[in-house]
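Please open the model in your viewer and keep the selection panel at hand. The tour proceeds by selecting one site at a time and looking at what surrounds it.

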Amino acid sequence: MLFHKSAQSMVALLGLMVALASAHAADPKLANVTILATGGTIAGTGATSTTTVGYTAATVGVQTLIQAVPEMTKIANVSGEQVFQIASENMSNEHWLALAKRVNTLLAQKDVHGIVITHGTDTLEETAYFLNLVVKSKKPVVLVGSMRPSTAISADGPANLYNAVALAASPDAVGRGVLVSMSDQIHAGRDVSKSNTTMVDTFRTPELGMLGYFQGGKPFFYRQVARKHTTETEFDISSLNALPQVDVAYAYANVGPTAIDAFVAAGVKGLVHAGVGNGSLPAKVRPALSAARAKGVVVVRASRVGQGILARNGEANDDELDFVVADTLSPQKARILLMLALTKTNNTKEIQRMFYTY
Ligand code: SIN
């Protein structure tokens, strides 16, 4: 036991010495970038170097991720924190609140210039949009993942991480909202989505367009984001420990009201309808959504199509039904904005304004 305790103290002392050594090694000419690791395939390992499906996500720690890319020390003073170690299908509202609070705390420090968040790709676009709405800083926040585990031949994680750190350290990335950096491309957190189950270049912003490229490890921007974000939003999560329950009901041929009725019975505060086409409401679904609204549930009409503006008063009379439309947001991103909107108001006109603002 005694030995165990002294071994523990030795480890603590060594840790302190490493921390001090790296603090002394910090180059004052370089930006200080903190990597917040949450898990995902970028931290995944497979049984062999050819295992690119059926591997285990979220096994490698943040220090190992950093040590795998020593080139990063030339472009930034990099430090790391393991905030979670999960596959991103398990990302929850509680994870988001904890992550956002940590990001806001770090970015309030003068000696932190940018943040990189390593994340599973499956829900990366959702975390990016959530942070885009609640981070209270103009400093760069960059989400990054990989499609191949760290043990794979041509793993994409190290190059993606290098680019993400370069982006978080870049003055060009300041004030652009939360960014996603994958496969030599820079995307806006609001607009990007995962578009392919397994391909490396899965992150796309097909019609609105990506913001820029990386070339030679340097970011090049070509577009600004038009929608308000970060410091310009009205959302404050600093004192929140939970978010209002909002779910998504999916439409398809032959769909009935079962899912909608179940969500309402479960007490949801908001419901996003992922409708077909321009958000059309099947005849069997419309009465259920209307009844949900009559019970106080805020209903947002979105589309499962993936591109385009959801026309207000187009396929349904939203004024009459007292519904909100999702604008260009995907159902999964509309869910996020609706949760945050419901922390401020139940007024559907106000919530519609938010959907046209963010
Ligand atoms: C995950 O989202 O955690 C697993 C898949 C991935 O990161 O690509």
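The stops below lead from one acidic residue to the ligand, and the model they refer to is a predicted one.

Begin by selecting Asp156, which you will find in the loop that runs between strand S4 (141–144) and helix H5 (157–168). Asp156 is buried, yet it has no salt bridge; if you select Arg148 as well, you have the nearest side chain of opposite charge, 5.4 Å away, whereas a salt bridge would require the charged atoms to lie within 4 Å.

What, then, does the side chain of Asp156 reach? Display the backbone nitrogen of Arg148, which the Asp156 side chain reaches at 2.9 Å, and then the backbone nitrogen of Met147, which lies 2.8 Å from a polar atom of that side chain. Leaving aside residues up to four places away in sequence, Asp156 touches Ser146, Met147, Arg148 and Val200.

Now keep Ser146 selected, since this contact of Asp156 is also one of the residues around the ligand. To show the whole site, add Gly40, Thr41, Ala87, Ser88, Gly120, Thr121 and Asp122 to Ser146.

Within this site, follow the oxygen atoms of the ligand: one is 3.4 Å from a polar backbone atom of Ser146, one is 3.0 Å from a polar backbone atom of Asp122, and one is 2.4 Å from an N or O atom in the side chain of Thr121. Finally, turn on the surface: the ligand taken alone exposes 250 Å², and the protein buries 93% of that area.

Key:
Residues numbered from 1 in each chain as written. Predicted model: local features only at pLDDT ≥ 70, side-chain atom pairs only at ≥ 80, totals over all residues. Heavy atoms only, no water. Helix = DSSP H or I, 4+ residues; strand = E, 2+ residues; numbered from the N terminus. Buried < 20%, exposed > 50% of the residue type's maximum accessible area, 1.4 Å probe, protein only. Lys, Arg positive; Asp, Glu negative; His and termini not counted. Polar contact = N/O pair within 3.5 Å; in protein donor to acceptor, adjacent residues only side chain to side chain. Contact = heavy atoms within 4.5 Å. Near = heavy atom within 4 Å. Areas by Shrake-Rupley, 256 points an atom, 1.4 Å probe, with all protein chains shown as cover.
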